[in-house]
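Work through the exercises below with the structure open. Each task is followed by a solution in steps.

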Amino acid sequence: KIPVFDIGDTLFPTVRLYRRTVRQNTGLQGEEIGNFNIFDPDSSERYLGQKGADIDGETLREDYVRNVKRYMKKNGRFRLLRESSRRFGPIGLISDNWSYAKKLYTDMFREHSIEHQGIVISENVGTEKPDEKIFREFLERREEDADRFVYFGNHAERDSGAKKVGMEFVFTREYSNFGTSHEGNRIESLNLESIEKKVREV
């Protein structure tokens, strides 16, 4: 079977990197991830302006992207995804995210020679997980049966929506920030061994 991944807090610690970037640029502490879209400079400036921070949204976005790339490289995430595609077939991504993110990850995957097919972002589909529409959109793009895919995600309630369309779901605890748990398939951390074990056994 072929692995498909959520992005935020599955491939890297999104909340931690959001907060680090905001802190580095403004000195503010503990800003919640859901309060603004860091990929949208106007959204960042409006939200952080209400907190008393004079911030350039473009700079904030650039710093966040730099932090993501640095983390992914330092922690072997690009290598992990590249090897996953080589072993199991072109990986895919399904994420509650913004259009800018799709371009960002497409560019990063190209830069690091990661074969992939099907990046589905909620903003482009008009719905979010666990709505099965976002998972069906992925299957239509891949033109393969659902039981060919194993979806790795960190939010049990949302990401388990993959099961509605016949995909397997593996709860990934490594960076989970939502206090959710899952009694079914699960792994503690995302690495080549844990991915291979799950795609072979489910």
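**Exercise 1. Backbone outliers**

In which loop is the place of Glu143? Find it, then describe the backbone and exposure of Glu143.

Solution. The model is predicted. Step one: Glu143 sits in the loop between α7 and β4 (149-153). Step two: its phi is near 55 degrees, which is positive although the residue is not glycine. Step three: the relative accessible area of Glu143 is 72%, and the cut-off for exposed is over 50%, so Glu143 is exposed.

Now treat Ser113 in the same manner. Step one: the loop between α5 and β3 (116-121) holds Ser113. Step two: Ser113, again a residue other than glycine, has a positive phi near 55 degrees. Step three: with a relative accessible area of 54%, Ser113 is exposed.

Why are such values worth listing? Most residues other than glycine have a negative phi, and most peptide bonds are trans. The peptide bond from Lys129 to Pro130 is cis, with omega near 10 degrees. Pro130 belongs to the loop between α6 (122-125) and α7.

**Exercise 2. Helix α3 and its cover**

Compare the span of α3 with the expected value, list its buried residues, and name elements that cover them.

Solution. Step one: α3 covers residues 57-74, which is 18 residues. From first C-alpha to last it reaches 26 Å, close to the 26 Å expected at 1.5 Å a residue. Step two: the buried residues of α3 are Gly57, Leu60, Arg61, Asp63, Tyr64, Val65, Asn67, Val68, Tyr71 and Met72. Step three: a general point helps in reading that list. An α-helix has 3.6 residues a turn, so residues three or four places apart point the same way. Step four: the cover over the buried residues of α3 includes α1 (14-26), α2 (41-50), α4 (77-88) and α5 (99-111). Step five: after α3 comes Gly76, with a positive phi near 70 degrees.

**Exercise 3. Three packing partners of α3**

For α1, α2 and α4, give the geometry of packing against α3 and the residues in contact.

Solution for α1. Step one: α1 and α3 pack at about 135 degrees, their axes 9 Å apart. Step two: this angle makes α1 oblique to α3. Step three: the crossing of α1 past α3 is right-handed. Step four: from α1, Thr14, Arg16, Leu17, Tyr18, Arg20, Thr21, Val22, Gln24 and Asn25 meet Thr59, Leu60, Asp63, Tyr64, Asn67, Val68 and Tyr71 of α3. Step five: by class, this contact of α1 with α3 has 7 nonpolar, 6 polar and 3 charged residues.

Solution for α2. Step one: the axes of α2 and α3 come within 8 Å and cross at roughly 110 degrees. Step two: α2 and α3 are therefore roughly perpendicular to each other. Step three: Pro41, Ser44, Glu45 and Leu48 of α2 meet Gly57, Glu58, Leu60 and Arg61 of α3. Step four: the contact of α2 with α3 divides into 3 nonpolar, 2 polar and 3 charged residues.

Solution for α4. Step one: α3 and α4 pack at an angle of about 65 degrees, with axes 5 Å apart. Step two: α3 is thus roughly perpendicular to α4. Step three: Lys69, Met72 and Lys73 of α3 make the contact with Arg77, Phe78 and Leu81 of α4. Step four: by class, the contact of α3 with α4 has 3 nonpolar, no polar and 3 charged residues.

**Exercise 4. Helix α1**

Which residues of α1 are buried, and what follows the helix?

Solution. Step one: α1 has 13 residues and spans 18 Å between its first and last C-alpha, close to the 18 Å expected at 1.5 Å a residue. Step two: its buried residues are Thr14, Val15, Leu17, Tyr18, Thr21 and Val22. Step three: what covers them includes α2 and α3. Step four: just after α1, Gly27 has a positive phi of about 85 degrees.

**Exercise 5. Two single residues**

Is Leu139 buried or exposed, and is Arg79 buried or exposed?

Solution. Step one: Leu139, in helix α7 (residues 132-142), is buried, with a relative accessible area of 12%. Step two: leaving aside neighbours within four places in sequence, Leu139 is in contact with Glu144, Asp145, Ala146, Phe149, Val165 and Met167. Step three: Arg79 lies in α4 and counts as exposed at 55% relative accessibility. Step four: the C-alpha atoms of Arg79 and Ser113 are separated by 9.4 Å, and the two residues are 34 residues apart along the chain.

Technical notes
Residues are numbered from 1 along each chain as its sequence is written. This is a predicted model: local features need pLDDT of at least 70, side-chain atom pairs count only at pLDDT 80 or more; totals for chains, interfaces and linings use all residues. Side-chain values use heavy atoms; hydrogens and water are left out. Helices (H or I, at least four residues) and strands (E, at least two) are DSSP runs, numbered from the N terminus. The expected span of a helix is 1.5 Å times one less than its number of residues. Buried means under 20% relative accessible area, exposed over 50%, partly exposed in between (1.4 Å probe, protein chains only). Contact means heavy atoms within 4.5 Å. Axes are lines fitted to C-alpha atoms, for helices over the stretch in contact, and angles run from 0 to 180 degrees between N-to-C directions. Angles under 35 degrees count as roughly parallel, over 145 as roughly antiparallel, 65 to 115 as roughly perpendicular and the rest as oblique. A crossing is left-handed if the near helix is turned anticlockwise from the far one by less than a right angle, and right-handed if clockwise. Ala, Val, Leu, Ile, Met, Phe, Trp, Tyr, Cys and Pro count as nonpolar, Asp, Glu, Lys and Arg as charged, and the others, Gly among them, as polar.
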